[in-house]
Every structure is written in C-alpha cells, then in structure tokens.
Amino acid sequence: MSALDESPQAAARGDVRDLLRSTAEQAADFLADGHARPVAAVASLDELRARLVTPLADEAVGAEAVIEQLVRDTRGGLLGTTGPRFFGWVIGGTLPAALAADWLTSTWDQNAALYACAPAEAVIEEACRDWIVDLLGLGERTSMALLTGCQMAHFTALAAARGALLRRQGWDVESDGLFGAPPIRILATRHRHITIDRAVRMLGLGTRAIVEVDADDRGRLDPASLETLLSAEGGPTIVVAQAGDLNTGFYDPLDETVALARRHDAWVHVDGAFGLWAAASPRHRHLLRGFEGADSWATDGHKWLNVPYDCGIALVADPDAHRAAMSSRASSYLVYAEGARDQIDWNPEWSRRGRGVALYAALRQLGRHGVADLVDRTCRLAARLTSEIGALPGAELLSPALINQGLVRFLDPAGDHDRRTDAVIQAIQDEGTAWFGGTTWNGIRAMRISVSGWNTTDHDVDLTVAAVERVLGACA
Ligand SMILES: *Cc1c(COP(=O)(O)O)cnc(C)c1O
C-alpha cells in the first residue's frame, strides 16, 4: 500500500459508499413515511431554531453523524410536498428518475456553465431544448435557458424582449444601458404573477411601466381593452399574457392577444409557469390556441412536470435576441465551444448546477404520452376534488377546475365567510390527511385546490374529501 492510500482522504473515500447507502435509506424512508406523516409541518419555529441554530463547533463532525443529525433535526419541519395529498400553491413532487438523476448531478458536481467544463451536461441541455420545443409544439429555432424558476425565466425572456424592442428603435441597450432610451411599457392584467413585477424591476424598466389591461372575473385578459391600449401611442411594448392563472388556472385568449400584438409590433411574453404543459396534452392543448405565435414563454419544471427544485425554463422564439441579452464572451480565460452549447450564452448565471439532468430524466421517464397523461390525470383529479369538496354541506364551489386548479370556500352561518374559510383551511392542515392553502380571489378568501403531484390517485381524493367532510362536521 502506498503512503497515498493510507491518507485520511483515502479512508474517507471508503466511507463514502457507506454514507451514500445509509443516506439512500434515509431518503427512501422519508418518501415511504410520507403516506403516514401529517402533510403539514408540525415542528414550531422555536423548536426548529433550537435544534438547528446552534453555535458552529470548533471540531469536525463525521459525515455520517452530520446526516443523521440533519434528518433528526429537520423532523416535523418539512412539508409533505412529495406525497400524494399535498394540494397547496402549485407544487409538484419529484418523479423517481428525476430524484435519482438529481443525486447524480450533485455527485458529478460539474460546473454546467460551459461545454468545456461539463460536456455531457451541455449536451443534455441541448436534448432538453429539443424535447421541450417538440412537446410544446414551438418553432424549431426556439432557444431555451434552464434557470432556478419562472421568476428568472421571466427575467431572461424579458431581457431578450427589452433588447429586441429597443434595437428596433435604434437603441443598443446591451452597450448603452437604459438612461436616455425610449421607455418600454408592459401591458398585463392585474392577475399577473408578482414575479413579472420583480423581473420588470430588475430589468430597470420600473413597475410604473406596467399598464393594466382589463380582465374578466376569471382573470382572463380582455382583448378589447388590450386593443385600446395598443392603439394609444405608447412606444415599444411588451404584452404579458397568462397561460394558467395561479388561482383559477384560466388562460388568456392567447390567439387574439398574439394577433393584436403582431399588428402593433409588440412583443408577447407568456407566463405559463404550470399551465404551459397543457400544450403537451392533445386533450387540453386547445386551451392555449395560438400561443405558439408568441415571442417568449416562461415555465417551470418543478411545478407540474414534477422535477425536483429548482428548475425554471425560459423559451425565446428569436434565439438572436435571447443570446444578445445573455451572451457572455468577454473573458480571456474561458474556452468557448464551437458548435456546442455554452449555457453562459443563454443564462444570467455564471457557475451553475447541471440543472438539465433531472429535467432530462423526468422527460425520459414520462415520455410524450406520460407528460400528456400527467396533465390529464391531475386535471381529472382536481376536477373531482373541487366538485366533491364544493358539494359538501357548508362549502361552496367558487371556480371549477378547468385544468389542475380549483377554488372553493366555506360558508359561515353568521355571514363571515372569509373568517370561516381561513379557519377551515387551518383545521384541515391540523387534521393532517391533506394540505391546502388559502388565497384572496376577487376580494374574497378562498381555498386553492391544486393537484400537481405525479403520485396522487383517486384513492387520495377519496381520503381527502372524507377528511374535509370530517373537519367540516367537527368545526360546524
Ligand atoms: C409559480 C408561478 C410563478 C413563479 O414561478 P417560480 O418558479 O416560483 O419562480 C410565476 N407565474 C405563475 C403563474 C406561477 O404560478
């Protein structure tokens, strides 16, 4: 045995296999227990702090002990989002292949900034682009970036929009910045996701540049209002449309929106954080009619597609506009790839995780039919949950599940339905079978029903409706 093999590093290499095995057991236990544990987090903030926020020790701790303590100290502080009865926000679980691929991503620990430092991962992102463009039926030239979420997908796509619109005005924002540039306005309804406003802020356009388009009571953009605003002299314009409102799942009339924007030379960006995936289902694709005519789209892998956090996806019809906004080729120490994909040309990050690997695994596991089936199945289960909970005594159906999102509320005999709705949501969380969150929709409190997990079944719907019925009976 050489001196090298007797080093502590060599010993640690031997231990790694055991550590990964025992961690895999912990992970599998976590997933299996998910069916028995309360879906809500049951540990209090004080408890979690007492366990986790301790002084940093001077001495090292063995890797196995670190993991054991981590599992112990987070107990009760994790929501059951990977389980089959988590219906809060729009939070998907994790497909098995995607979870395992995500482990490998950390194991490989590549810097997926450049082809040169992560060749396989660069090619995996190429494949992800091809598959997603194909699944969604977008133009062949569409470019893609994989980001932390829809927030950064908006930022990336709207940076492309900003550059392209100003270039048409003879202004080079990449070199000259925004001081003195023609102002850009953003047309969007008040139902837009708050991440649009933050993207607009980060891009230096300012939220005052957002002009609100009217919407109907389901949150759908009103084309007549859009036409009026587009016809008024307003300079370079971005129209932000929604494919799947976060409360109702309803879609803006994307065909009319795109047609109107085209006539006025505006850029159309579609926020389809979850709803874009309905385009991959022959049964639901009609909801997005005309969406492929837009200029950019933002969606998530970590919501409806059940890729682990974090995975956002920006898609841009004009790859030149996308690359002009993000490309980073100034440095002398980098090796740029000829003909291969360098993610730094499409992403705002520099060093980054191989975010495509888990997405690639999820798409492979599902296949084209699996994605369509995931969409159709979760829509069907959401329709069941929404109509069956909405039909319980003391409940009211507010918005039926057009896709995988529905809204109900709970009625108070004394008339304070908002208070009653929040109280029932809390009682359902405390009961532990299922988890729903609240929202304020058209000025009233409602319970959101979102079925986004790949592993929810009809049996979970039965268990959940029964639990809600029990809760309503107990807190009548
Ligand atoms: C969740 C969501 C976002 C933000 O996505 P992140 O991945 O959390 O950044 C944007 N728009 C809509 C409609 C959403 O539902």
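**Group meeting: ligand site, helix packing and two backbone details**

I will start at the ligand, where one of the ligand's oxygen atoms sits 2.8 Å from a polar backbone atom of Cys150. Keep in mind that this is a predicted model. Gln151 shows a contact of that kind as well: a polar atom of the Gln151 backbone is 2.8 Å from an oxygen atom of the ligand. With His302 it is the side chain that takes part, and a polar atom there lies 2.8 Å from a ligand oxygen. As for the surroundings, 13 residues are around the ligand, and the ones that come nearest are Gln151, Asp271, Asp300, His302 and Lys303.

Next, the helices. Two packed helices are described by the angle between their axes and the distance between the axes. I have three pairs to show.

The first pair I take is H6 and H11. Helix H6 covers residues 150-168, helix H11 covers residues 319-326, and their axes are 8 Å apart at an angle of about 105 degrees. Angles of 65 to 115 degrees count as roughly perpendicular, so H6 and H11 are roughly perpendicular to each other. On the H6 side the contact uses Phe155, Thr156, Ala159, Ala160, Ala164 and Arg167, and on the H11 side Ala321, His322, Ala324, Ala325 and Met326. By class, the residues of this H6 and H11 contact are eight nonpolar, two polar and one charged.

Then H4 with H12. Helix H4 is residues 96-108 and helix H12 is residues 356-390; their axes come within 8 Å and cross at roughly 155 degrees. H4 and H12 are therefore roughly antiparallel to each other. The crossing of H4 past H12 is right-handed. Which residues of H4 and H12 meet? From H4 they are Pro96, Ala97, Ala98, Ala101, Asp102, Thr105 and Trp108, and from H12 they are Val357, Ala358, Ala361, Ala362 and Gln365. The residues of the H4 and H12 contact come out as nine nonpolar, two polar and one charged.

H12 also packs with H14, residues 458-474, and here the axes come within 10 Å and cross at roughly 20 degrees. H12 and H14 are therefore roughly parallel to each other. This crossing, too, is right-handed. H12 contributes Arg380, Leu381, Arg384, Leu385, Glu388 and Ile389 to the contact, while H14 contributes Asp458, Val461, Asp462, Thr464, Val465 and Val468. How many residues of the contact of H12 with H14 are charged? Five are charged, beside six nonpolar and one polar.

Last, two points on the backbone. Where is Asp109? Asp109 is in the loop between H4 and helix H5, which is 119-136. Phi of Asp109 is near 50 degrees, so to speak a positive value in a residue other than glycine. The other point is the peptide bond from Tyr309 to Asp310, which is cis, with omega near -5 degrees. Asp310 belongs to the loop between strand E6, 296-300, and strand E7, 312-316.

That is what I have for today.

Key:
Residues numbered from 1 in each chain as written. Predicted model: local features only at pLDDT ≥ 70, side-chain atom pairs only at ≥ 80, totals over all residues. Heavy atoms only, no water. Axes fitted to C-alpha atoms, helices over the stretch in contact; angles between N-to-C directions. Helix = DSSP H or I, 4+ residues; strand = E, 2+ residues; numbered from the N terminus. Parallel < 35°, antiparallel > 145°, perpendicular 65-115°, else oblique. Left-handed = near helix turned anticlockwise from the far one by under 90°. Contact = heavy atoms within 4.5 Å. Nonpolar A, V, L, I, M, F, W, Y, C, P; charged D, E, K, R; others polar. Near = heavy atom within 4 Å. Polar contact = N/O pair within 3.5 Å; in protein donor to acceptor, adjacent residues only side chain to side chain.
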